[in-house]
Amino acid sequence: MPEVVVSIGPHHPALKEPVNFKVVIEGEKIVRLELDLSYNHRGVEKAAEQRDFIRVLPLLERVCGICSHAHSTAFAKGIEEIMQLEVPPRAQYIRTIIAELERMHSHLLWLGVAAHVIGFNTLFMWTWRDREAVQDTVEEMSGNRVHYGMNEVGGVRRDLTPAQVTAALERLPNLEERIKKYVDMVNSEETMLIRFRGVGKLSKEEALRYGTVGPTARASGVDYDTRKDDPYLAYADVPWNVVTDTNGDVYGRTRVRIGELWESLKIVRYCLENLPEGPIRVTAPRNAPTGEILSRYEAPRGELAHFIRTNGTDKVERVDIRTPTLANWTSVAICLVNQNLADLPVIVAAIDPCLSCTSRITLLDSQTKKTGVMSFDELIRRNRSRDQGLVRP
Amino acid sequence: MSVLREMFENLLSRPITILYPKEKVPIPGAFRGRVAITDEKCIGCSKCSLVCPARAITMIDGPREVEFNGKTLNRKKRPQVKLYKCIRCGLCERHCPTGAIFLKNELSSSGTDGEIVVT
């Protein structure tokens, strides 16, 4: 098959996570996807080496807006392990509550985005409305909707007052009812079934071979969750289950995420009801001893790993961040082969990347050898025009 | 069918959107807003400028006698915060020994003018 490689993409670093796509198509079918991963270098890791442990946490929170707590917890957890600090249980519980609220808001956001790319904007509005309840809870506890600033090395910065706990518990029954409705909708709503079922299939063997993590792996039947396999924070004390699915397609990934919403709600409720008394932090020494650690954390999108090397000073010698989206990108290239071009947005959205990455795509028709750039809006329009027929693929 | 039922329920309910300038958005107690300094409490220890991740705080001359723990101290410096450089993380408030620097519960504006300072 004749191949033409054209290098076009969003070059401006102001775009969120610019990833360069080259899609090789034959008619409407995708032949291959080419990704350029090292696209936007922000130098966060190098900047982290120049800041002490107090000043580095706000920087690491800003690696990602949605999983800001994930990054700061993964780093603080690693440094605490090197320093051999015993973090008080109350701090562990508060970190768990924020982490699970973050997962809930991330999954609700994802469900809205997935609905949006298939043209089901009604669901998008509903999920984002319900997400506000989670955001309000987080804002009450931490003072901010994103970049919570709850962590510091040795514990958490703010305590939860009984009034905050009561207010959070009062919001949960309503959210529970909403999540039940979403479970119903995903299993019975024809619009979603048609667009999600059988799209972007990834078998268990492929999921393992390409190193997928998080909901993408669990939707293919891989029973892997860092919270269960290598428990941290308060997850060992809390009763909860790992959600897996055997479908392996976008439908499976939706089911896993909605199942996780349910589990997260259970964890938040348990932690709020059983919040232990005691201090919320221990005083951390200024310097960390020489050491190396791989701190693993289950972020909303999958397993996040911070590799930290310290050299006895108050700064890290090296911090290496492996984000879950990076681990899942290769699986997208596998999922897309032989799929319709119109299904591309929903398959890419199914791993929950920042969608602005796909703001421009190079298209290559391998028969006519025509190339061109398609804006994301145009792609969405093309995607939605498929809905008018509503034909089962 | 669950979507249809939901649609009818929503038709009968009131809009959830807060009409912002007319209606006020409730600001939670923990909210981190505009930075403020109580000059008479500051002992000039420079901790805030050391922990600031954005390097927004500089220590400038500000000699003054300050009461701290029953003793009178002769401080030499006082902090000055570049307002639009501040990321409102609240670390200065967390590490201030006297509570002199803190974040208020009011919204902070944003801009590019580097000369606007809070002292």
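Start by selecting helix α3 of chain A, residues 68-83, which lies across strands β5 and β6 of chain A. This helix runs at about 145° to β5(A); axes here are lines fitted to C-alpha atoms, for helices over the stretch in contact, and angles run from 0 to 180 degrees between N-to-C directions. Helices (H or I, at least four residues) and strands (E, at least two) are DSSP runs, numbered from the N terminus.

A word on what you are looking at: this is a predicted model, in which local features need pLDDT of at least 70, side-chain atom pairs count only at pLDDT 80 or more, and totals for chains, interfaces and linings use all residues. Residues are numbered from 1 along each chain as its sequence is written, while chains are lettered from A and ligands numbered from 1 in the order in which they are written.

**The sheet under the helix**

Keep α3(A) on screen and add β5 (291-299) and β7 (316-322) of chain A, the edge strands, each of which pairs on one side only. Two strands pair if DSSP finds at least two bridges between them. The order in this open sheet of three strands is β5-β6-β7, with antiparallel pairing, and the twist averages 15° from one strand to the next.

Now zoom in on β6(A), residues 302-310, which is joined to β7(A) by six bridges in the antiparallel sense. Which residue of β7(A) is the bridge partner of A:Ile308? Select A:Val319 to see the partner. Further along, A:Thr310 stands opposite A:Val316. The hairpin formed by β6(A) and β7(A) has five residues between the strands, and A:Gly312 in the turn has a positive phi of about 85°.

Next, select helix α12 of chain A, residues 324-335. This helix lies across β5, β6 and β7 of chain A and runs at about 130° to β6(A).

**Helices side by side**

Two packed helices are described by the angle between their axes and the distance between the axes. Select α4(A), residues 89-117, together with α11(A), residues 250-273: their axes are 9 Å apart and the angle is about 155°. That angle makes α4(A) roughly antiparallel to α11(A); angles under 35 degrees count as roughly parallel, over 145 as roughly antiparallel, 65 to 115 as roughly perpendicular and the rest as oblique. The crossing of these two helices is left-handed, meaning that the near helix is turned anticlockwise from the far one by less than a right angle; clockwise would be right-handed.

To view the contact, show side chains including A:Tyr93, A:Met104 and A:Trp110 of α4(A), and A:Arg257, A:Leu261 and A:Cys271 of α11(A). Two residues are in contact if their C-beta atoms, placed from the backbone, lie within 7 Å. By class there are 14 nonpolar, four polar and four charged residues in this contact. Ala, Val, Leu, Ile, Met, Phe, Trp, Tyr, Cys and Pro count as nonpolar, Asp, Glu, Lys and Arg as charged, and the others, Gly among them, as polar.

Leave α4(A) selected and swap in α5(A), residues 121-142: the axes come within 8 Å and cross at roughly 160°. These two helices are therefore roughly antiparallel to each other, and α4(A) passes α5(A) in a left-handed crossing. Their contact divides into 13 nonpolar, eight polar and two charged residues.

**Over to chain B**

Select β2(B), residues 57-68, and β3(B), residues 71-82, which run antiparallel and are joined by 10 bridges. B:Phe68 has B:Lys71 as its bridge partner. Two residues lie between the strands of this hairpin, where B:Asn69 takes a positive phi near 55°.

Add β5(B) to complete an open sheet of three strands in the order β2-β3-β5, with antiparallel pairing. β2(B) and β5(B) (117-118) stand at the edges with a single partner strand each, so one side of each is left without a neighbour in the sheet. Two bridges join β3(B) to β5(B), and B:Val81 stands opposite B:Val118.

**Where the chains meet**

Show both chains: the contact takes 15 residues from chain B and 21 residues from chain A. On the chain B side, α1 (2-12) and α3 (91-95) each give two or more residues, and the largest share, three residues, comes from α1(B). The chain B side has 10 nonpolar, two polar and three charged residues.

**A last stop: confidence**

Colour chain A by pLDDT, the predictor's confidence in each residue, from 0 to 100. The mean is 82, and 83% of the residues of chain A reach 70 or more. Residues 4-9 of chain A stay under 50, and residues 355-362 of chain A are below 50. Where pLDDT is low, the predicted coordinates should not be read in detail.
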